[in-house]
Amino acid sequence: MVETIEWTPSGVVMIDQTRLPLHEEYVTCRNYEEVATAIRDMIIRGAPAIGVAAAMGVAIGVQYAAEDGLDAQMETICDTLAKTRPTAVNLFWAIDRMKRLYATLRGQPIAAIRERLISEAKLVREEDIAINRAIGKHGAPLVPDGKTVLTHCNAGALATAGYGTALGVIRAAIETGKKIDVFADETRPFLQGARLTVWELQQDKIPTTLITDNMAGHFMKSGRIGCVVVGADRIAATGDVANKVGTYSVAVLAKENGVPFYVAAPISTLDLTLTSGDQIPIEERSAAEVTHVFGNLVAPEGTAVKNPAFDVTPFRYVTGIITENGVAHAPYEESLKRLAGK
Ligand code: MRU
């Protein structure tokens, strides 16, 4: 399986997800500003991977911070990273985790603080892989044998520290001997499905078929799709799910066609402070992502464009939310709280 992100002595190394699938290149971020740029420019993307990158960003920031005024520098590092992308709550979860640790370390020699922050960031990464394996274990029994699983965007190894959430469920189902194949929505405008999901599943020799987003309903109606499994960027206490734009349409089509719609996500993607999905901030990205495909203009010059990167699927379309602690079902207020240990 591919390595998405790693801490190395020369910096934070990430596979460049803007270059895949044609080029397998790695980028080394040597300071926290470069980590922030990598998150903003989607060199690394996917909620859990963004969280790992942010933790490593804090750790690398403190490596080069002066001992004098360390608290203020820590604040700047965290603020810079927090301003990169607004929707995936894992970003804020990881920054908070590093901040809370830092608060317990204040007053210690700077070398000890630096070392401890590095080991914490590495731990966030290791834990993420273990969490995804657990999500897979809980999700595998839900996948119907001998059918096709439809997924949207990329919630795979590339979107996490490894193994993936939605694709982790697919991997785990295959590991238990199920004969399944995958339909990957191409996921306009950034093409995470076509470029990343298809690429990473091919690496694992998992049979995968690419479809354009507007074909999902057609295949669901045909009876071929056994279930839909997607990831999430933020889940409100009600079970409303923010995920890559287009997920909502897929969920509505799934309900209409009697296809189970599952969301696979770690507990760190829950935002139980939100009482409705409408409170989730939705990132608006550049118009060029819509007007251009691989640098080529596909609409008339000056066209008005909207480009929300995410949408919110109301809980009533969600059959279950698969976490590392088990599967939540409606009513989600209760089941999510229980799984989160709250
Ligand atoms: O804009 P992206 O590529 O960061 O969006 C990614 C998604 O929407 C994923 O489905 C989500 O982060 C879950 S990744 C395990």
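Helices and strands here are DSSP runs, numbered from the N terminus. Keep that in mind as you work through these exercises on a predicted model.

**Exercise 1. Find the cis peptide bond that leads into proline 331, and say where proline 331 lies.**

Solution.
- Step 1: Go to alanine 330 and follow the chain to proline 331; the peptide bond between them is cis, with omega near -5°.
- Step 2: Look at the elements on either side. Proline 331 sits in the loop that runs between β16 (326-328) and α11 (332-340).

**Exercise 2. Do the same for proline 189.**

Solution.
- Step 1: Start from arginine 188. Its peptide bond to proline 189 is cis, and omega is near 5°.
- Step 2: Now place proline 189, which belongs to the loop between β5 (181-185) and α7 (192-203).

**Exercise 3. What is notable about phi of methionine 42, and which loop holds this residue?**

Solution.
- Step 1: Read the angle: phi of methionine 42 is near 65°, a positive value in a residue that is not glycine.
- Step 2: Locate methionine 42 in the loop between α1 (32-40) and α2.

**Exercise 4. Describe the shell of residues around the ligand.**

Solution.
- Step 1: Count the neighbours. The ligand is surrounded by 19 residues, and the closest are Arg45, Arg85, Asp233, Asn243 and Lys244.
- Step 2: Sort the shell by class, which gives 8 nonpolar, 7 polar and 4 charged residues.
- Step 3: Ask where the shell comes from. Domain 1 (5-133) and domain 2 (140-339) each contribute at least three residues.
- Step 4: Look for contributing elements: α2 (47-63) and β9 (241-244) each provide at least two shell residues.

**Exercise 5. Which polar atoms lie by the oxygen atoms of the ligand, and how much of the ligand does the protein cover?**

Solution.
- Step 1: Begin with the backbone. A polar backbone atom of glycine 46 is 3.0 Å from a ligand oxygen, and a backbone N or O atom of alanine 47 is 2.8 Å from a ligand oxygen.
- Step 2: Turn to side chains, where a polar atom of arginine 85 lies 2.8 Å from an oxygen atom of the ligand.
- Step 3: Check the cover. On its own the ligand has 420 Å² of accessible area, and the protein covers 99% of this.
- Step 4: Finish with the site itself: the ligand sits in the largest cavity.

Notes. Residues numbered from 1 in each chain as written. Predicted model: local features only at pLDDT ≥ 70, side-chain atom pairs only at ≥ 80, totals over all residues. Heavy atoms only, no water. Near = heavy atom within 4 Å. Polar contact = N/O pair within 3.5 Å; in protein donor to acceptor, adjacent residues only side chain to side chain. Areas by Shrake-Rupley, 256 points an atom, 1.4 Å probe, with all protein chains shown as cover. 1 Å grid on protein atoms, 1.4 Å probe; cavity = no way out; pocket = protein on both sides within 12 Å on 5 of 7 lines; lining within 4 Å. Sits in = over half its atoms within 2 Å of the grid points. Helix = DSSP H or I, 4+ residues; strand = E, 2+ residues; numbered from the N terminus. Nonpolar A, V, L, I, M, F, W, Y, C, P; charged D, E, K, R; others polar. Domains from an automatic or database assignment.
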